[in-house]
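Reader: Got a minute to go through this one with me? I'd like to start with the open spaces and then see how the inside is packed.

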Amino acid sequence: MPYSRLSVPTRRRLKRSASEPHMASLNAVLDQYSQRHFDKVVNYWWDDFVGRQAETDKRTIGLAGLVCIAFFWVHGGSYGNEAMILAGPPRWLIIGLITLPFLYSLPVALITAELSTALPESGGYVVWVREAFGPVIGGHHAYWVWMINLFDSGIYPVLAGSYIMSTVNGPWWMQGVIGSAIVVVMTLVKLQGTDLLIRLNSVIALMCMLPMLLWIGWSFPKWNNDALQAWMSVDGETNWVLLLSWLLWLNGGFFSLGSLAGEIKDPKRTFPLTTLILIPVVIIFNVLPVLAALSIDPVRSNYVPGYFTVLATRVAGSWLGWSFVVGAFVSLVGLYSGQLMAAERTMSWFVQTYFPQICDKYGSEGAGPVALWFFAEDDSETGVGRVYILANAALCGILVWLPYDLLVE
């Protein structure tokens, strides 16, 4: 509310407050100008206060919410990690899985926390690149980051559809139908608001972790001297390029936390605590499944994608094997949701920064209720304009019908 629209008693209180110690700077300004400038000065101060308050009101994601969302940026489940056992002997793999989070993930997470606190704007590293290198490089970088996030997010519904199709021996079109259903359902959830998305993400994360925890517990009796020898084995060749690629890929998602920098409550506290929670989670759910698998079958050549499901069935029966199928499916849904959330924030920042006239035209109060519903940022419960959610979902709806190999290329 502008100062000129405030009531007379409120104006008098603001004038009296100018003489208080904490308003010394405002008082000094008023002393330099005549009384006729008072309204202009206080109006500026008041608008700045209201703007900062509105920015604070947009911060709706707390510690638990950020952990639930970021889980699918930094991990997302161990399904499909079997192939990394082929990259090198178990000893080097296990040492890498334990040490790399501290050598690589922790510094990246701390840098992300610092920059997200200093530049609390949703978009993450696209914002930081523009601040460092200027608008031209920043614009190119933001566009390509958006494209990468978009195509990456399109891969996960395709994988989920392929996973179910191969499990039930379905027809070729099943992949596209399942992928489209995932896109539609997750889009409807996101349009309801970030709170509902966080609750859904927490359920998906639990469904993703539970089969792994059951399998680890079921295999625990086999953790004996023979298993220890399998874990410490250095037999066989080491493909260092493949091994390092796996390790970096498994530990490289912490920079995505900056995508939500403008929506995090108390970022100075929330970002470091999120890091302290997620790094142990990443280590546990990367290392323990490998230990469980090698305690059951130490033959590295057997580890092809999907072999964890075979081992789970061997240890506990078909019910655990089917729980792995469900866990892998919901894991892919969570990965899709998380990756597309980063794409939405990147696209939103790109349009607002480089095409502000669009936002001014359709996101202002005079644009009408329909345009405001699509473009409004400040009043949106989704954390981002709904138009960006719908646009990215529509593009993903096309990508899910493409072959997996084409998307990867």
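**Pocket, cavity and core**

Reader: How do the residues lining the largest pocket divide by class?

Author: There are 27 nonpolar, 17 polar and two charged residues in that lining. A pocket is an open set of points on a 1 Å grid over the protein atoms alone, with protein on both sides within 12 Å along at least five of seven lines, and lining residues have an atom within 4 Å of a point. Gly counts as polar, and Tyr, Cys and Pro are among the nonpolar ones. Bear in mind the model is predicted, with local features needing pLDDT of at least 70 and side-chain atom pairs pLDDT 80 or more, while totals for chains, interfaces and linings use all residues. Numbering runs from 1 along each chain, and side-chain values use heavy atoms, without hydrogens or water.

Reader: What volume does the largest pocket have, and which residues lie nearest its centre?

Author: Its volume is about 1300 Å³, counted as the space filled by probe spheres set on the points. Of the 46 lining residues, Tyr156, Leu159, Trp249, Leu332 and Leu335 lie nearest the centre.

Reader: Which helix gives the largest share of that lining?

Author: H7 does, with ten residues. Elements giving two or more include H7 (135–168), H11 (240–250) and H14 (318–354); helices are DSSP runs of H or I, at least four residues.

Reader: Switching to closed spaces, how many cavities of 30 Å³ or more turn up?

Author: One. The largest cavity, where a 1.4 Å probe fits but cannot get out, has a volume of about 50 Å³. Lys190, Glu344 and Arg345 are among its lining residues, and by class the lining holds three nonpolar, three polar and three charged residues. H14 gives the most, three residues.

Reader: And the nonpolar core, which residues have the most contacts inside the largest one?

Author: Trp73 and Trp215, in a core of 98 residues. H14 supplies the largest share, 14 residues. Such a core joins buried nonpolar residues (Pro left out) through side-chain atoms within 4.5 Å, buried being under 20% relative accessible area with a 1.4 Å probe. A second, separate core of seven residues includes Val126, Val145, Trp349 and Phe350.

Reader: What does Trp215 touch, apart from its sequence neighbours?

Author: Beyond four places in sequence, its contacts (heavy atoms within 4.5 Å) include Pro289, Ile296, Phe308, Leu320 and Phe324.

Reader: Last topic: is Cys396 buried or exposed?

Author: Cys396 counts as buried because its relative accessibility is 0%. Cys208, at 1%, is buried too. The search finds zero disulfides, meaning pairs of cysteine sulfur atoms within 2.5 Å.

Conventions
Buried < 20%, exposed > 50% of the residue type's maximum accessible area, 1.4 Å probe, protein only.
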